[in-house]
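Here's a walk through one helix pair and a handful of residues worth a look. Have the structure open while you read.

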Amino acid sequence: MHEIITSAQNPKIKKLLALQQKSSERRECGLFVVEGRRELQHCIEAGYVVDTVFTLDAQAVLPAGVKVFEVSPEVYEKIAYRGGTEGIIAEVRTRNLSLDDLELRENPLIVVLESVEKPGNLGAVLRSADAAGADVVIVCDPLTDLYNPNLIRAAIGGIFTVPCVACPSEEAIAFLKKKGIQILTAQLQDSSLYYDYDMKRGTAIVMGTESTGLTDVWRQAADAHIRIPMLGRLDSLNVSVSAAILLFEAVRQRSI
């Protein structure tokens, strides 16, 4: 006989909410939260281990060994981040990749983000990286953890379909140099138009925050500085939009 949770004061529900709200809780427990059937399916296909599932449908088909708790509609409403998630939320074991874990193809396409603050921006970049067939997204000196629920929601599963590594900038630069991957930094100063550069070879496209841009460590490590032409009065694009433009220039060049 399975358990039906009908109170938001249930300790299991309190733990789930703490995992959603606190990065410290996620680190301590080694768990994060995935909401929605599509996102959970991508998560399972990527080899993540599902620990616990809370669902409106106790008959949902899930991997063997997963703890399943049915919840009332009232409880689900309190734990769901958004509507339309098919009544399923899971606690999943974290898996932290390192640069040494990566298996890169010849002439890889890599996105590097330095100190990106907003989970929604990082999630949107992951969606673009997936669409462009990028090999990996490297997040340097992150100001948000990779398992933030807002990031997972914005990525719509992209955090699972594209390998994502968090590391210091110096470590990422050493890795790229060792692999012979050219570093193209997106910046307005001392730069040339992005479509003038060969992206058919192994390429890392590096972007910083919208407010301050890249630090000197990346500017100095770059093989070239590139920019997107800005014809209006504003001098910057959202980082996820910039990433999409630059990634699909690489796709265009590689399809010729």
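## Helix H5 and its partner

H5 buries Pro119, Asn121, Leu122, Gly123, Val125, Leu126, Ser128 and Ala129. Keep in mind as you go that this is a predicted model. The cover over those buried H5 residues includes strands E6 and E7, helix H6, helix H7 (158-161), strand E8 (164-167) and helix H10.

Does the length of H5 fit a regular helix, and what span should we expect? With 13 residues at 1.5 Å a residue, H5 should span 18 Å, and its end C-alpha atoms sit 19 Å apart, which agrees. Right after the helix comes Gly133, whose phi is positive, near 70°.

Now for H10 (residues 239-255), one of the elements covering H5. At what angle do the axes of H5 and H10 cross? They cross at roughly 15°, and they come within 8 Å of each other. That angle is under 35 degrees, so H5 counts as roughly parallel to H10. As for handedness, the H5 and H10 crossing is right-handed.

Which residues make the contact? From H5 it's Asn121, Ala124, Val125, Ser128, Ala129 and Ala131, and from H10 it's Val239, Ser240, Ala243, Ala244, Leu247 and Phe248. Sorted by class, the contact between H5 and H10 has 9 nonpolar residues, 3 polar ones and no charged ones.

H10 passes the length check too: its 17 residues should span 24 Å at 1.5 Å a residue, and the end C-alpha atoms are 24 Å apart, which agrees. The buried residues of H10 are Val239, Ser240, Ser242, Ala243, Leu246, Leu247, Glu249, Ala250 and Gln253. Among the elements covering them are H5, strand E6 (109-114), strand E9 (182-186), strand E11 (203-207) and strand E12 (224-227).

## Four buried residues

Start with Ile88, which is found in strand E5 (residues 88-93). Ile88 counts as buried because its relative accessibility is 3%. Leaving out residues up to four places away in sequence, Ile88 touches Val34, Glu35, Gly36, Arg37, Leu40, Val53, Phe54, Thr55, Leu62 and Tyr76. Ile88 and Ile13 are 75 residues apart in sequence, and their C-alpha atoms are 13 Å apart in space.

Leu176 lies in helix H8 (residues 169-178). With 0% relative accessibility, Leu176 is buried as well. Beyond its neighbours within four places in sequence, Leu176 is in contact with Ile110, Val112, Ile181, Ile183, Ala204 and Trp218. Leu176 and Thr55 are 121 residues apart in sequence and 43 Å apart in space, C-alpha to C-alpha.

The next two sit in loops. Asn148 is in the loop between strand E7 (136-140) and helix H6 (149-155). Is Asn148 buried or exposed? A relative accessible area of 14% makes Asn148 buried. Once neighbours within four places in sequence are set aside, Asn148 is in contact with Arg26 and Pro119; Pro119 is also one of the buried residues of H5.

Ala222 is found in the loop between helix H9 (216-221) and E12. Its relative accessible area is 18%, so Ala222 counts as buried, the cut-off being under 20%. Setting aside neighbours within four places, Ala222 is in contact with Ile183 and Thr185. Ala222 and Gln182 are 40 residues apart in sequence but 7.6 Å apart in space, C-alpha to C-alpha.

## Two positive phi values

Most residues other than glycine have a negative phi. Here are two with positive values.

| Residue | Phi | Loop | Relative accessible area |
|---|---|---|---|
| Asp141 | about 50° | between E7 and H6 | 31%, partly exposed |
| Asp190 | near 50° | between E9 and strand E10 (192-193) | 66%, exposed |

Asp141 is in the loop between E7 and H6, and that loop also holds Asn148. Which of the accessibility classes does Asp190 fall into? Asp190 is exposed, at 66% relative accessible area, whereas Asp141 is partly exposed, at 31%.

Note on methods: Residues numbered from 1 in each chain as written. Predicted model: local features only at pLDDT ≥ 70, side-chain atom pairs only at ≥ 80, totals over all residues. Heavy atoms only, no water. Axes fitted to C-alpha atoms, helices over the stretch in contact; angles between N-to-C directions. Parallel < 35°, antiparallel > 145°, perpendicular 65-115°, else oblique. Left-handed = near helix turned anticlockwise from the far one by under 90°. Contact = heavy atoms within 4.5 Å. Nonpolar A, V, L, I, M, F, W, Y, C, P; charged D, E, K, R; others polar. Buried < 20%, exposed > 50% of the residue type's maximum accessible area, 1.4 Å probe, protein only. Expected span 1.5 Å × (residues − 1).
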